[in-house]
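Work through the exercises below with the sequence and the model in view. Each task is followed by its solution in steps.

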Amino acid sequence: MAESICESFRTVAKRLLDLGLGYLALDRAASTLSTGERQRMQLARAVRNRTTGVLYVLDEPSIGLHPSNIEGLTGVMEDLIADGNSVVLVDHDIQILKKADWIVEMGPGAGADGGRVIAEGTPVDLGKNAESKIGPFFSGEEEVRTREQAAGSALFDQGKIHLSTGAIHTVKPLEVNIPKGRLTVVTGVSGSGKTTLILESLIPGLKASIDGKKLPDHVKEVKAEGISQVKLIDAAPIGINVRSTVATYANVHDELRKIFARTPDAKALGYKAGDFSYNTGKLRCPVCDGTGSISLDVQFLPDVQITCPQCRGARYAKEAEAVRLDVAGTGKGKRVQQDGKNANEAGSSETYSLPQLMSMDVNHALEVCKNLRLVRQRLQVLQDLGLGYLTLGEETPSLSGGEAQRLKLASEMGKTQSDSVFVFDEPTIGLHPLDVRTLLGVFQTLIENGATVIVIEHDLDVIRNADYIIDMGPGGGQEGGKIVATGTPEEIKKAPESRTGQFL
């Protein structure tokens, strides 16, 4: 009896270890697991059930996985297939994609520029397919190298941040130096102590030090000369209010309202800037109150959200269409004269209403608003962050974690940041290798403006582009919690005890 009980446990336990979950306590509450951990628990259970003829669909199972854990994940997939099941993955990780039997690639761009199947076949087929965007990464033609890294000897030229901590959770007492004005990447397998080191020790320690308050109990010392602010850019959703949109968050909507209030149409109809607000203005849709959707109360069932039948999601009343902005001119609605004719008759005037602009994506709006200096600058930042496919009226709570992270950065770009530390927690979640290249460009812009950038990351492309790496481990849970190696990517490659170095 004992043998069969032990055997059933060991089979599942082996899978949990393969998936990098060996650090989880058996009595750990499921509600405290991260999305990636929960997904891997479900996978291990699926393998234990020995199903056959089942289609498993996995959405980004590589999230939060160190390259060494991805090998365990592909092992689980192979077990499921060997039992006669089918597996469909939505993923961007090259390490996983190389193991696929068949790939369907969507694109070529995002949003309105995507939505088509641009290539399909084996990884080798895609490597030879000129239409494929991901193919060059399989064939080795493309590598995500986008930035000039600091020389090892010059790493600490701009100063350093020193952190000294006592033991906490499974993390041992640590002494760590982080170079100022550089891109530092914190790596290690799941559960090795990355989050504890940065999110539970460094950030609260820096904040307490800046504010002159008492350091957290386990933090012995923080030295950070010249640092006066620390900003965590995480994947938490932006707001819970459907009235928060990409345009309002990026300060584009307020500017557009002022511009529309200055048009001849608005002056003739007596509209002020406040009337163009879809929260409180006269021009908001009277049926949905400017939210773009209405909630239907269905008896005995949860409320149902539907697109507003009056404004069809535009948030504005029909009257808003009567106010047109001539974007070809100065943005003040002037009609351009051509050979004595009205420009409208000549067919060259482009006029748009505010609801029309709000329904455009950033790329299209940038083209239309090229003569509106402030709007153009703010939209350009969004495009530079790789968010050109988002529509201006898109609700911010509905954005993915990676989109929310980059949108939070919009207000920080272009400022001098020499007194700032930016911390990113897994910013590559859900990003294609080409998007990772854009993200590295964003990090470089922050660094050029003087910022210190610290990234918790498993993505090998980001790790390869780091100036300095802090590798935690060697394992997860009780087997981790130590700094295994520090240095440039070249130095980490040569560190025999670094698991990350093996994959670099």
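**Exercise 1.** Leaving aside its neighbours within four places in sequence, which residues is histidine 162 in contact with (contact means heavy atoms within 4.5 Å)?

Solution. The model is predicted: local features need pLDDT of at least 70, side-chain atom pairs count only at pLDDT 80 or more, and totals for chains, interfaces and linings use all residues. Residues are numbered from 1 along each chain as its sequence is written, and side-chain values use heavy atoms, with hydrogens and water left out.
- Step 1. Find histidine 162 in strand β5, residues 160-165; strands (E, at least two residues) and helices (H or I, at least four) are DSSP runs numbered from the N terminus.
- Step 2. Its contacts are Glu175, Val176, Asn177, Glu221, Val222 and Lys223.
- Step 3. With Glu175, the side chain of histidine 162 makes a polar contact of 3.1 Å. A polar contact is a pair of N or O atoms within 3.5 Å; within protein, one must be able to donate a hydrogen and the other to accept it, and residues adjacent in sequence count only if both atoms are side-chain atoms.

**Exercise 2.** Is histidine 162 buried or exposed?

Solution. The relative accessible area of histidine 162 is 15%. Buried means under 20%, exposed over 50% and partly exposed in between, with a 1.4 Å probe and protein chains only. Histidine 162 is therefore buried.

**Exercise 3.** Place β5 in its sheet and name the edge strands.

Solution.
- Step 1. The order in this open sheet of three strands is β6-β5-β8, with antiparallel pairing; two strands pair if DSSP finds at least two bridges between them.
- Step 2. β6 (174-179) and β8 (219-223) are the edge strands, each pairing on one side only.
- Step 3. Between β5 and β6 there are six bridges, and lysine 160 stands opposite proline 179 in β6.

**Exercise 4.** Describe helix α7.

Solution.
- Step 1. α7 covers residues 194-211 and has 18 residues.
- Step 2. From first C-alpha to last it reaches 24 Å, close to the expected 26 Å; the expected span is 1.5 Å times one less than the number of residues.
- Step 3. Among the buried residues of α7 are Leu197, Ile198 and Leu206.
- Step 4. After α7 comes glycine 212, with a positive phi near 70°.

**Exercise 5.** In the six-strand sheet, which strands stand at the edges?

Solution.
- Step 1. The strand order is β9-β14-β15-β7-β16-β17, an open sheet with mixed pairing.
- Step 2. β9 (229-233) and β17 (482-487) each have a single partner strand, so one side of each is left without a neighbour in the sheet.

Definitions and conventions: Contact means heavy atoms within 4.5 Å.
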